[in-house]
Amino acid sequence: MLIKRSPNGIDLPFSSEITPRHVFEARRDFIRQIAAGTIASGALLEMLTREAFAQGTGQKLPAKLNPSYSALDKQTPRKDATTYNNFYEFGTDKSDPAENAGTLRTRPWTVAIEGEVKKPMTLDIDSLLKLAPLEERVYRLRCVEGWSMVIPWVGYSFSEIIKRVEPTGNAKYVEFITLADRQQMPGVRSRVLDWPYVEGLRIDEANHPLTLLTLGMYGEVLPNQNGAPVRLVVPWKYGFKSAKSIVKIRFTRDMPRTAWNKSAPSEYGFYSNVNPDVDHPRWSQASERRIGEDSFLSRKRKTLMFNGYNDVASLYSGMDLKKWF
């Protein structure tokens, strides 16, 4: 294999498509060479490996900022956004995805789009990157657990996909099915959820311009632990609605049975809009803790209806949002 030397001294395979897996393995081997023959403990070596992987590939993903869809809030530091994650396919602790997601292979990767559409198709990751002009959008992210972040995502409105596949009149919902590979994803071996992870939106929600098919963050390709290589971001809903590592998109007549709704229907409704007036059964949703700013026990921010994205309110005209939580 041809090798090229990177500026930081790590040997990488000579390729125009260096994947996160390449970088992870190269950094891992490099760190092991440094540690060989020293008194560095296995725990320290693991920590160094994890830190190297969490920094991502550094592969740039040029995009023009769209100020119409960009919050003015102070952005969450990249390190926090890439090391404090919920991605149960790699473990249930917040640090597990950054520790374990180096096993995820993001190339080759395809997304099948099927169901109630006139033009079903399968797109690889390069086709998705070229399907529409990439935009950077700074979105607030609110987790159902009561914490929040502000992240500059890179992608384009999911409506670009909808236009190309031409849903039939029977399409009422969109179902997002994510990768569930026991070899690549150690968390899938557990029974914490019914795999694969499935999420869904009503088709008008999916067609809203805020709904982002996401391919990057912080100006770079998505790190594995953040849902590489392609995920959804729906900023007015709790974070678990934004499916990661998507492999299939289905347009359906019926409301999809989603992962968390199946696991605990009294706690996680299908809509899961951010709503400070509807508490989780085990905690209040009236306030939130901004990661990187507030302490673990401190909630200094009032939670905003629809996470502050009031343009979506018309989608729910006439609905009882306490009943349809």
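Strands here are DSSP runs of E, at least two residues long, numbered from the N terminus. Keep in mind that this is a predicted model.

Let's start with Pro 229. Select the loop between strand 11 (220-221) and strand 12 (231-233), and you'll find Pro 229 in it. Look at the bond joining Ala 228 to Pro 229: that peptide bond is cis, with omega about -5°.

Now hop to the loop between helix 4 (96-100) and strand 4 (110-115), where Pro 108 sits. The peptide bond from Arg 107 to Pro 108 is cis too, with omega near -5°. Why stop for these? Because most peptide bonds are trans.

Next, pull up the largest nonpolar core, which has 78 residues. Among the members that touch the most others are Leu 128, Phe 158, Val 230 and Trp 236. Color strand 7 (residues 147-157) as well, since it supplies the largest share of this core, six residues.

Zoom in on Trp 236. What is it in contact with, leaving aside neighbours within four places in sequence? The list includes His 208, Leu 210, Asn 273, Phe 306, Asn 307 and Tyr 316.

Pick Asn 307 from that list. You'll see it in the segment after strand 15 (301-302). Its phi is near 60°, a positive value in a residue other than glycine. Asn 307 counts as buried because its relative accessibility is 3%, under the 20% cut-off.

Last stop: Ser 272, in the loop between helix 8 (259-263) and strand 14 (287-290). Here phi is near 50°, again positive without a glycine. Buried or exposed? With 5% relative accessibility, Ser 272 counts as buried.

Conventions
Residues numbered from 1 in each chain as written. Predicted model: local features only at pLDDT ≥ 70, side-chain atom pairs only at ≥ 80, totals over all residues. Heavy atoms only, no water. Core = buried A, V, L, I, M, F, W, Y, C linked by side-chain atoms within 4.5 Å. Buried < 20%, exposed > 50% of the residue type's maximum accessible area, 1.4 Å probe, protein only. Helix = DSSP H or I, 4+ residues; strand = E, 2+ residues; numbered from the N terminus. Contact = heavy atoms within 4.5 Å.
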